[in-house]
Amino acid sequence: PSITALKSLLTTTLRITTTDNRVFIGTFMGTDQLLNIILVNTEEYILGNEASRFVGQVMLPWRLVLHVE
């Protein structure tokens with residue numbers, strides 16, 4: 001059931017907040033064995049700062065993830 005739920009999220013837009021006060025908004029492409037999250041077409045925002053930057057493809061370590069929306 002958990003693999004099916006994860007597959008249903010493929011190619012959807014996710015907003016991920018990390019422990020270092022950054023927010024990544026991008027398209028979910030999968031995970032690796034350690035559950036690191038892979039996003040493409042990603043924008044990075046720093047909380048408290050209105051500016052963003054395009055970072056493209058990123059892999060976010062699961063240990064840094066606070067929220068996934």
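**Figure 1. The largest nonpolar core of the predicted model has nine residues.** In this predicted model, the core is made up of Leu14, Ile16, Phe24, Phe28, Ile37, Leu39, Val58, Leu60 and Val65. At least two of its residues are supplied by each of strand 1, strand 2, strand 3 and strand 4. In soluble globular proteins, nonpolar side chains tend to be buried together. Leucine 14, one of the core residues, touches Phe24, Ile25, Gly26, Phe28, Leu39, Val68 and Glu69 when residues up to four places away in sequence are not counted.

**Figure 2. Five strands form an open, antiparallel sheet.** The strands are arranged in the order 4-3-2-1-5. Strand 4, which spans residues 52–60, and strand 5, which spans residues 65–68, are the edge strands, each of them pairing on one side only. Averaged over the sheet and with direction ignored, neighbouring strands are turned by 30° against each other.

**Figure 3. Strand 1 and strand 2 form a hairpin with three residues between them.** The two strands run antiparallel and are joined by five bridges, with strand 2 covering residues 22–31. Within this pairing, arginine 15 has isoleucine 25 of strand 2 as its bridge partner, while threonine 17 stands opposite valine 23, which also belongs to strand 2. Asparagine 21 is placed in the loop between strand 1 and strand 2, and its phi is positive, at about 60°, although the residue is not a glycine. Most residues other than glycine have a negative phi. Is asparagine 21 buried, partly exposed or exposed? Because its relative accessibility is 46%, asparagine 21 counts as partly exposed.

**Figure 4. Strand 2 and strand 3 form a hairpin with five residues between them.** Eight bridges join these two strands, which run antiparallel, and in the turn leucine 35 has a positive phi of about 70°. Isoleucine 25 of strand 2, the bridge partner of arginine 15, stands opposite glutamate 43 in strand 3. Glycine 30 is also placed in strand 2, and with a relative accessible area of 10% this glycine is buried. Leaving aside neighbours within four places in sequence, glycine 30 is in contact with Leu10, Asn36, Ile37 and Ile38; Ile37 is one of the residues of the largest nonpolar core. Glycine 30 and leucine 9 are 21 residues apart in sequence, and their C-alpha atoms are 8.6 Å apart in space.

**Figure 5. Threonine 42 is a buried residue of strand 3.** Strand 3 comprises residues 37–46, and threonine 42 counts as buried because its relative accessibility is 0%. Which backbone atom does the side chain of threonine 42 reach? The side chain of threonine 42 reaches the backbone oxygen of glycine 56, at 3.0 Å. When neighbours within four places in sequence are left aside, threonine 42 is in contact with Phe24, Ile25, Gly26, Arg53, Phe54, Val55, Gly56 and Val58. Two of these partners, Phe24 and Val58, belong to the largest nonpolar core.

**Figure 6. Threonine 11 is located in the loop between helix 1 and strand 1.** The loop that holds threonine 11 follows helix 1, residues 2–8, and leads to strand 1, residues 13–18. Threonine 11 counts as exposed because its relative accessibility is 59%. Its phi is near 65°, which is a positive value in a residue other than glycine. Beyond its neighbours within four places in sequence, threonine 11 is in contact with Thr27 and Phe28, and Phe28 is one of the residues of the largest nonpolar core. Threonine 11 and leucine 39 are separated by 28 residues in sequence, with a C-alpha to C-alpha distance of 9.1 Å; leucine 39 is likewise among the residues of that core.

Terms used
Residues are numbered from 1 along each chain as its sequence is written. This is a predicted model: local features need pLDDT of at least 70, side-chain atom pairs count only at pLDDT 80 or more; totals for chains, interfaces and linings use all residues. Side-chain values use heavy atoms; hydrogens and water are left out. Helices (H or I, at least four residues) and strands (E, at least two) are DSSP runs, numbered from the N terminus. Buried means under 20% relative accessible area, exposed over 50%, partly exposed in between (1.4 Å probe, protein chains only). Contact means heavy atoms within 4.5 Å. Two strands pair if DSSP finds at least two bridges between them. Axes are lines fitted to C-alpha atoms, for helices over the stretch in contact, and angles run from 0 to 180 degrees between N-to-C directions. A polar contact is a pair of N or O atoms within 3.5 Å; within protein, one must be able to donate a hydrogen and the other to accept it, and residues adjacent in sequence count only if both atoms are side-chain atoms. A nonpolar core is a set of buried Ala, Val, Leu, Ile, Met, Phe, Trp, Tyr and Cys residues joined through side-chain atoms within 4.5 Å.
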